[in-house]
Amino acid sequence: MDFKLIVKVVDSCNLECGYCYYFSNIVDANTKSDKVIMSQKIVNELMASFFRHNKNGAGFTWHGGEPLLAGMDFFENLVKSQNLNNTKNLKVTNSVTTNGLLLNDTWASFFVANNFSVGVSIDGPYDLNFKTRNTPADKFKKILEGIDSLVRYGVKFGIICVVCKESVGKEREIFDFYNSLGIEDLAFLPCFLLNNDQSINTKLSISAKEYGKFLVSFFDIWTQSGVKGIDIRNFNEALRFKSNLPNLFCENRSECHQHLTISPDGKVYMCDNFAHTKDNVVGKVGDNFSNFESSSRFMELKRASCDLPDSCKNCKYVSGCLGGCKYHRWVNSRDFSRPQVYCYSKKLLYSHIDKVFDSLGIEAMI
């Protein structure tokens with residue numbers, strides 16, 4: 001089985017987002033101020049073992065912390081290591097998830113030259129970013145300048161918007177902000193955080209009802225705006241379901257066990273959401289990738305990808321989410337037996353789209 005990798009190249013960040021799930025749950029002694037960068041030795045070992053294992057392609061998402069803190073030399077060297085170890089001539093995809101603060105023309109030029117795509121985390125206009133991400137005005141200005149660099153250099157990029165409690169009721173402002181920047185690719189994620197005891201932090205986490213309300217409102221604004229060319233991942237997935245097309249993204253597919261996360265010290269975890277507790281380590285860089293598949297935690301996640309909760313089996317929307325994010329099921333019950341935390345949100349969105357389609361007398365849009 002081929003894997004896809006989320007590689008956390010650095011255990012530090014240059015922002016202080018209040019909802020950051022990674023640093024709120026990190027189990028090592030490192031803190032945001034400790035600039036722990038993945039060593040070249042670990043990068044080379046990772047490339048050698050990964051390219052040796054995969055047969056059909058090699059997908060990398062470079063993550064953190066803030067991955068650009070690792071520096072240009074780090075990224076230039078990892079590309080060299082990829083080229084050196086790709087003896088099978090596999091198709092390689094690279095993407096970077098960044099808060100955008102360090103983006104500039106130099107980075108944009110590198111991304112274009114090496115065919116990297118970029119995901120920029122920005123939660124709408126300044127007032128929302130200040131409330132939810134503690135982003136001061138001068139840093140917000142630099143992020144916008146970085147996005148402008150991506151646009152001018154023709155970098156393939158999208159926006160990742162974390163929807164917080166404060167976002168609800170601000171859908172029009174958020175839409176107008178992204179539209180003013182000429183954003184063409186957008187994805188929403190619910191703000192979701194656990195307490196130290198692994199219970200849900202209800203003070204910061206958006207509820208399923210609130211998130212569903214936001215999605216429905218934004219869907220109506222999107223469809224009624226007359227603006228063309230804005231792809232919104234959450235809505236595209238729903239429309240694919242309406243058109244009997246296969247789901248594209250991991251939370252709606254039965255393959256999240258194919259995604260592994262690598263920490264800066266070389267530990268290998270299950271998907272990114274699970275990468276903050278020692279219980280979910282499945283190995284280390286340098287191990288044979290085939291060995292990860294036989295670990296108990298890996299097998300448990302793989303079973304959960306196939307075994308749906310009883311309440312999902314008769315749901316009319318089950319083929320549109322296949323039980324949804326497995327991590328959000330694990331949070332609800334450690335044996336994955338209950339529906340995901342945001343099940344209600346998806347049902348609310350999908351049922352709303354049903355009503356819109358019925359009112360228009362159409363069956364599909366794709």
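**Exercise 1. Lys242 and its partner**

Decide whether Lys242 is buried, exposed or partly exposed in this predicted model, then find its salt-bridge partner.

*Solution.*
Step 1. Start with the accessibility of Lys242: its relative accessible area is 22%. Buried means under 20% and exposed means over 50%, so a value in between is called partly exposed. Lys242 is therefore partly exposed.
Step 2. Now look for the partner. Lys242 forms a salt bridge with Asp354, and their closest N and O atoms are 2.7 Å apart.
Step 3. Place the two residues along the chain. Lys242 belongs to helix H9 (residues 233-242) and Asp354 to helix H15 (residues 343-360); with their positions 112 residues apart, the pair links distant parts of the chain.
Step 4. Check Asp354 in the same way. Its relative accessible area is 12%, so Asp354 is buried.

**Exercise 2. Two pairs within helices**

Work out where Lys141 with Glu145, and Arg172 with Asp176, sit in the helices, and how accessible each residue is.

*Solution.*
Step 1. Take Lys141 and Glu145. They form a salt bridge, with the closest N and O atoms 2.6 Å apart. Both are in helix H6 (residues 137-153), four residues apart, or about one turn of the helix.
Step 2. Compare the accessibility values with the cut-offs. Lys141, at 51% relative accessibility, counts as exposed, while Glu145, at 38%, is partly exposed.
Step 3. Move on to Arg172 and Asp176, whose closest N and O atoms in their salt bridge are 3.5 Å apart. These residues are four apart in helix H7 (residues 171-180), so about one helical turn separates them.
Step 4. Arg172 has a relative accessible area of 43% and is partly exposed; Asp176, at 37%, is partly exposed too.
Step 5. Put these pairs in context: a search of the whole structure finds 15 salt bridges. There is also a network of salt bridges linking Asp105, Asp148 and Arg152.

**Exercise 3. The nonpolar core**

Find the residues with the most contacts inside the largest nonpolar core, then list what Phe111 touches.

*Solution.*
Step 1. Begin with the general idea: in soluble globular proteins, nonpolar side chains tend to be buried together.
Step 2. Here the largest nonpolar core has 104 residues, and Trp62, Phe75, Phe111 and Phe188 have the most contacts inside it. Helix H8 (residues 208-224) gives this core its largest share, eight residues.
Step 3. Zoom in on Phe111. Setting aside neighbours within four places in sequence, Phe111 is in contact with Leu68, Val96, Leu103, Phe116, Val118, Leu150 and Val155.

Conventions: Residues are numbered from 1 along each chain as its sequence is written. This is a predicted model: local features need pLDDT of at least 70, side-chain atom pairs count only at pLDDT 80 or more; totals for chains, interfaces and linings use all residues. Side-chain values use heavy atoms; hydrogens and water are left out. A nonpolar core is a set of buried Ala, Val, Leu, Ile, Met, Phe, Trp, Tyr and Cys residues joined through side-chain atoms within 4.5 Å. Buried means under 20% relative accessible area, exposed over 50%, partly exposed in between (1.4 Å probe, protein chains only). Helices (H or I, at least four residues) and strands (E, at least two) are DSSP runs, numbered from the N terminus. Contact means heavy atoms within 4.5 Å. A salt bridge is a side-chain nitrogen of Lys or Arg within 4 Å of a carboxyl oxygen of Asp or Glu.
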